[in-house]
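Work through the following exercises with the sequence and the coordinates open beside you. Each one sets a task and then solves it step by step.

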Amino acid sequence: MTERLTRLIDVMARLRDPEGGCPWDIEQTFETIAPYTIEEAYEVADAIRQGDMPALRDELGDLLLQVVYHARMAEEKGHFDFWHVAGDIADKMVRRHPHVFGDAEIATVEAQSLNWEQHKAAERQARAEARGERPSALDGVPLALPALIRAEKIGKRAARVGFDWRDATHLFVKVEEEMAELGDEIRTGADQSRIAEELGDLLFTLANLARHLKIDPEDALRRTNAKVQARFRRMEETLAADDID
């Protein structure tokens, strides 16, 4: 097993070799490869949704290649290598699961989730203090996340420290308020920046309404996209059949 992983690492080193490597691979940077990394993660998720195990095996390989790619570029700059990455994540999993690798007792999924979040919060605080910064509950919410997912995560983090709506009913009232404010801006002919700001407020509130309802907003929108796409295709087929007649 280790030989297969070592072979992949060696393949990437060969591709990045300035003498005889692949010109395309050689010129890539963290910034240029990052979009491919995100794309591969989505392709993994798509294979899972479709229940396609051969595709999942293939897509997991593509995603693993992305990890090896970034680690190789970091190694070339003298920062770290793949084995550092693997060791660090193993250490983190042991540290965040004291009930498995230590003496702690955690009996329920809810208790484990709380323990996990406490560990992550402590790690975020340590990183902020190491940078000489004041820690925030919102530290570590990745900027690169899709905006809808990020809105839901920001709301969840804020809720943990007491900044939240009371329940879904109160949030729905807030949705209605944001809708009214957006409508006012449109009716009064406000400039695009004002309309965009109000639309953003509405979307953020909707993302948090989904959180209170325990619905994944990204998945809900994905399902609607698929439904609209299917309906549109049926309409196209009907129109095509009418043309033939």
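**Exercise 1. Classify the burial of both partners in the salt bridge between Lys174 and Glu178, and place them in their helix.**

Step 1. Glu178 counts as buried because its relative accessibility is 5%, where buried means under 20% relative accessible area, exposed over 50%, and partly exposed in between, with a 1.4 Å probe and protein chains only. This is a predicted model, in which local features need pLDDT of at least 70 and side-chain atom pairs count only at pLDDT 80 or more, whereas totals for chains, interfaces and linings use all residues. Residues are numbered from 1 along each chain as its sequence is written, and side-chain values use heavy atoms, with hydrogens and water left out.

Step 2. Lys174, with a relative accessible area of 22%, is partly exposed.

Step 3. The two side chains meet at 3.3 Å, N to O, which satisfies the salt-bridge rule of a side-chain nitrogen of Lys or Arg within 4 Å of a carboxyl oxygen of Asp or Glu.

Step 4. Lys174 and Glu178 are 4 residues apart in helix α9 (residues 168-187), so about one helical turn separates them; helices (H or I, at least four residues) and strands (E, at least two) are DSSP runs numbered from the N terminus.

**Exercise 2. Describe the salt bridge between Lys156 and Glu152, then the one between Arg194 and Glu185.**

Step 1. In helix α8, Lys156 and Glu152 lie 4 residues apart, about one turn of the helix, and their side chains meet at 3.6 Å, N to O.

Step 2. Lys156 is partly exposed because its relative accessibility is 34%, while Glu152, at 14%, is buried.

Step 3. For Arg194 and Glu185 the N to O distance is 2.8 Å; Arg194 is partly exposed at 30% relative accessibility, and Glu185 is buried at 15%.

Step 4. Elsewhere, Arg16, Arg72, Glu75 and Glu76 are joined into one network by salt bridges that share partners. The count of salt bridges by this rule comes to 14.

**Exercise 3. Determine whether Glu59 is paired or unpaired, and list what it touches.**

Step 1. Glu59 belongs to helix α4 (residues 53-76), and it is buried.

Step 2. Glu59 has no salt bridge, and the nearest side chain of opposite charge, that of Arg49, is 11 Å away; here Lys and Arg count as positive and Asp and Glu as negative, with His and the chain ends not counted.

Step 3. Setting aside residues up to four places away in sequence, Glu59 touches Glu40, Glu43, Val44 and Ala47, where contact means heavy atoms within 4.5 Å.

**Exercise 4. Locate Tyr42 and find its contacts.**

Step 1. Tyr42 is in helix α3 (residues 30-50) and, at 36% relative accessibility, counts as partly exposed.

Step 2. Beyond its neighbours within four places in sequence, Tyr42 is in contact with Arg49, Pro146 and Ile149.

Step 3. Leu63 is 21 residues from Tyr42 in sequence, and the two are 9.6 Å apart in space, C-alpha to C-alpha.

**Exercise 5. Compare the span of helix α7 with its expected value, and identify its buried residues and their cover.**

Step 1. Helix α7 (residues 109-130) has 22 residues and reaches 32 Å from its first C-alpha to its last, close to the expected 32 Å, the expected span being 1.5 Å times one less than the number of residues.

Step 2. Gln112, Asn115, Glu117, Glu123, Arg124 and Ala128 are buried in α7, and their cover includes α5 (82-96), α6 (98-101) and α8 (147-160).

Step 3. After α7 comes Gly132, whose phi is positive, near 75°.
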